[in-house]
Amino acid sequence: MFHLLDIIGSMAFAMSGALTAMNKKLDPFGVFIIAFVTAVGGGTLRDIMIGRTPVGWMRDINYVYVIVMGYILAILFRKKFDKLRASLFLFDTIGLGVFTLIGLEKGINIGLHPVICIALGTLTACFGGVIRDILCTEIPVIFRREIYATICILGGIVFFLLRKLDLDNDVLYLTTSLVIISVRLMAVKFKWYLPTLEHK
Amino acid sequence: MFHLLDIIGSMAFAMSGALTAMNKKLDPFGVFIIAFVTAVGGGTLRDIMIGRTPVGWMRDINYVYVIVMGYILAILFRKKFDKLRASLFLFDTIGLGVFTLIGLEKGINIGLHPVICIALGTLTACFGGVIRDILCTEIPVIFRREIYATICILGGIVFFLLRKLDLDNDVLYLTTSLVIISVRLMAVKFKWYLPTLEHK
Amino acid sequence: MFHLLDIIGSMAFAMSGALTAMNKKLDPFGVFIIAFVTAVGGGTLRDIMIGRTPVGWMRDINYVYVIVMGYILAILFRKKFDKLRASLFLFDTIGLGVFTLIGLEKGINIGLHPVICIALGTLTACFGGVIRDILCTEIPVIFRREIYATICILGGIVFFLLRKLDLDNDVLYLTTSLVIISVRLMAVKFKWYLPTLEHK
């Protein structure tokens, strides 16, 4: 179940990467690479920082297949994406929740401080998109407008608070994901933004 | 022989980095760093992803010497590079072939899946240039125009097909390099490009 | 003492990152991330390249606290920074000296060649700022104008020359830091720049 959600999230991230890259008029290889790094970039960065090498996607060929599939779907349906925007957004939000949890878990497994675990969760969920934007020479969208990463941090805090209640692991994971997913959906519906900080 | 080609490739990559950086009017230190990362960036990224640390160039001081030499040559001859363009292109193409093979080999050595090995070969050969372009705030050239990475992937596929024939290792390596080098030369001569993918 | 300087340096780097990010009109989360990577980016890159994982800031929660403090200070006093420029510059210069030494030391500890150790010191001191500029899509300032990295390299050379004199470690470290700090202060006071290298 958890693994299935990981796959859905990876595919959604790959598609969002491919769509961004096509807007930049890249060639098919460039589009593929952007799709790939959007999907695995956050987890790769996390893995190299904690010394879990070879990094995740090198040890499970299924990630490559899922990303290739997301890439092909994005190319085939690229002219229909206005209609599909809602589903893609939902998948992307599932990815956000699942990837945050995966990052939290890896941090806990090697005994890191809760604050660092939350950082790892946020990194896993958000930095694929940061690398995508850097490769397209844009200031990362999550630094500018969306309260995307803030939701991951919130989810991480909820996770550690709930963890004190000695809940079953499945309940703990499910609740945290649902918090992340529903806050994101509300944030977009009600247009919650962070104000920009201006210097002078 | 193989090591000699590695050195020629590193020097060519360092020179191509230095030339790009000089076009951006960087100072001598900036030019040096760009030359350095163009030469070792791909291999460094590969090494940290597979956990081969300290990364390659830290363990063999010769890389530094070769890159310094490429850097000095690029500065000295920077006004004559139109005449030297053909030789530099040839060296760069040799680098492409050799670096792809080095990446493939490292992946095979630690038992990774062939598809992942091909990804490692492509990463080794192409991501120095990607980091170079990012540091110069350009969308990486290999995502836009040149069928550069595609040739590495093709070379990787040829490698694994030939490997089934139980050839001698030297023959296997030489053939793969020659395929990569000659396809690249033809691609440039006959102006083979990938079309861009447009979104709507 | 050394640890105290490390903290002062990290805080100064976090503040300089936050100020850069506020100039780019990022949201509070974006400003925090830029502050964070400016402070720990160089050390993180060094640690993953030498295989010292989990990377430094994950193992000592104090870094997070110091960076959060620098971030808050930068936001609170952002309208007064013209007056504070001199102190911030001094802290930043202390950071430069201390971080160079930390990088040198890590390289020596694992037996790397002196030239590589100097590269590690320079990387530790300068690449937080490089990543900061890349995330803000600017060509890194140290490649363009300031003789910032050159001073780290010079400091590294002084370090290895002095080391042959069999000095006490504290004297060695203190002298090297003072060289770096005073050359930087003079460089700014007397406006020492590197010329740009132009291609044709």
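Contact here means heavy atoms within 4.5 Å, and that cut-off sets which residues get counted at each chain boundary in this predicted model.

With that in hand, start with chains C and B. Only 9% of the interface residues of chain C are also interface residues in chain B, so the copies meet through different surfaces. As for the head count, chain C puts 34 residues into the contact and chain B puts in 32 residues. Between them the two chains bury about 2800 Å², and 72% of that sits on carbon and sulfur atoms. Charge pairing doesn't come into it: the count between chain C and chain B is 0 salt bridges. Polar contact is down to 1 residue pair, with both partners at pLDDT 80 or more. On the chain C side, helix 2 (28-50), helix 6 (114-135) and helix 7 (149-163) each bring at least two residues to the surface that touches chain B. Helix 6 of chain C gives the most, with 8 residues. Sorted by type, the residues on this side of chain C come out as 21 nonpolar, 7 polar and 6 charged.

Now for chains A and B. Here 32 residues of chain A are in contact with 34 residues of chain B. The area buried between chain A and chain B is about 2800 Å², with carbon and sulfur atoms giving 72% of it. In chain A, the residues that lose the most area to chain B are D27(A), F29(A) and M58(A), which together make up 24% of what that side buries. Salt bridges across the interface of chain A and chain B number 0, and 1 residue pair is in polar contact, both residues being at pLDDT 80 or more. A whole run of helices in chain A takes part: helix 1 (2-23), helix 2 (28-50), helix 3 (56-59), helix 4 (62-76), helix 5 (81-109) and helix 6 (114-135) each supply at least two residues of the side that touches chain B. The largest share, 8 residues, comes from helix 2 of chain A. By type, this side of chain A splits into 21 nonpolar, 5 polar and 6 charged residues. As for overlap, only 9% of the interface residues of chain A are also interface residues in chain B, so these copies meet through different surfaces.

How the copies are arranged comes next. Chain A lands on chain B after a rotation of 120° with 0.0 Å of shift along the axis, at an RMSD of 0.0 Å. The two copies are thus related as by a three-fold rotation axis. For chain C, superposing on chain B likewise takes a rotation of 120° and 0.0 Å of shift along its axis, with an RMSD of 0.0 Å.

Finally, a look at the record for chain A. An unreviewed UniProt entry places the feature "transmembrane region" at residues 6-22, 29-49, 61-77, 84-104, 110-135, 147-165 and 171-190 of chain A. Two of these stretches can be checked against the model. Over residues 61-77 of chain A, the chain is 88% helix and 0% strand, and its end C-alpha atoms lie 25 Å apart. Residues 171-190 of chain A are 95% helix and 0% strand, with the end C-alpha atoms 28 Å apart.

Key. Residues are numbered from 1 along each chain as its sequence is written. Chains are lettered from A and ligands numbered from 1 in the order in which they are written. This is a predicted model: local features need pLDDT of at least 70, side-chain atom pairs count only at pLDDT 80 or more; totals for chains, interfaces and linings use all residues. Side-chain values use heavy atoms; hydrogens and water are left out. Buried area is the accessible area (1.4 Å probe) that two parts lose on being put together, summed over both. A salt bridge is a side-chain nitrogen of Lys or Arg within 4 Å of a carboxyl oxygen of Asp or Glu. A polar contact is a pair of N or O atoms within 3.5 Å; within protein, one must be able to donate a hydrogen and the other to accept it, and residues adjacent in sequence count only if both atoms are side-chain atoms. Helices (H or I, at least four residues) and strands (E, at least two) are DSSP runs, numbered from the N terminus. Ala, Val, Leu, Ile, Met, Phe, Trp, Tyr, Cys and Pro count as nonpolar, Asp, Glu, Lys and Arg as charged, and the others, Gly among them, as polar. Copies are superposed by least squares on the C-alpha atoms of residues with pLDDT of at least 70 in both. UniProt positions are given in the numbering used here, feature names are shortened, and annotations may be inferred rather than shown by experiment.
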